[in-house]
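Student: I would like to work through this model with you, starting with the packing of its nonpolar residues and then turning to its charged pairs.

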Amino acid sequence: MGWVAGIIAAIALAAGLWWYVKRAGRLSAANDERHDFQRNLLLDLQDIRDKADGELTPALDELIDIARYDTPASNEETAELDAQIAAEVHKLAEAPTVAAAENLRTKLVSRNRRAVR
């Protein structure tokens with residue numbers, strides 16, 4: 001009879017491990033998706049910064065610092081703002097100006113306040 005209890009325990013352990021691995025995979029994928037905005041924003045800003053010079057450089061450095069240190073993960077409340085910010089980054093890449101960088105900074109700060117809730 002002891003071997004039956006051992007088999008049942010082994011099956012329960014295997015089922016528990018299977019459930020844990022599946023759950024961990026789902027959480028990891030969801031976490032990656034939530035942090036994609038931050039990663040892509042940082043990479044895009046660094047690419048723009050590499051091509052910039054002059055008075056735009058300090059503004060881009062500030063944006064990069066905001067993206068690196070102050071931008072929380074995305075959530076349902078930030079989806080629309082994330083899309084607007086992505087559009088602003090595209091505009092900044094096409095026409096890099098201090099005004100465009102300041103506009104992006106304003107939107108990014110506003111987004112970050114709402115994401116923390």
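Student: Which element gives the most residues to the largest nonpolar core?
Tutor: In this predicted model, the largest nonpolar core has 20 residues, and those with the most contacts inside it include Leu 41, Leu 60, Ile 85 and Leu 104. The elements that give two or more residues to this core are α1 (2–51), α2 (56–70), α3 (79–94) and α4 (98–116). The one that gives the most, with 7 residues, is α2.

Student: How many residues apart are the partners of the salt bridge between Glu 62 and Arg 105?
Tutor: The closest N and O atoms of Glu 62 and Arg 105 are 3.2 Å apart. Glu 62 is partly exposed at 36% relative accessible area, and Arg 105 is likewise partly exposed at 24%. The pair links distant parts of the chain, with Glu 62 in helix α2 and Arg 105 in helix α4, and the separation is 43 residues.

Student: Is Glu 88, which forms a salt bridge with Lys 91, buried or exposed?
Tutor: The closest N and O atoms of Glu 88 and Lys 91 are 3.6 Å apart, and the two residues, 3 apart in helix α3, are separated by about one helical turn. Buried means under 20% relative accessible area. Because the relative accessibility of Glu 88 is 10%, this residue counts as buried.

Student: What is the N to O distance in the salt bridge of Arg 39 and Asp 36?
Tutor: Both residues lie in helix α1, 3 residues apart, and are separated by about one helical turn. Arg 39 is partly exposed at 41%, and Asp 36 is partly exposed at 34%. Their side chains meet with an N to O distance of 2.7 Å.

Terms used
Residues are numbered from 1 along each chain as its sequence is written. This is a predicted model: local features need pLDDT of at least 70, side-chain atom pairs count only at pLDDT 80 or more; totals for chains, interfaces and linings use all residues. Side-chain values use heavy atoms; hydrogens and water are left out. A nonpolar core is a set of buried Ala, Val, Leu, Ile, Met, Phe, Trp, Tyr and Cys residues joined through side-chain atoms within 4.5 Å. Buried means under 20% relative accessible area, exposed over 50%, partly exposed in between (1.4 Å probe, protein chains only). Helices (H or I, at least four residues) and strands (E, at least two) are DSSP runs, numbered from the N terminus. A salt bridge is a side-chain nitrogen of Lys or Arg within 4 Å of a carboxyl oxygen of Asp or Glu.
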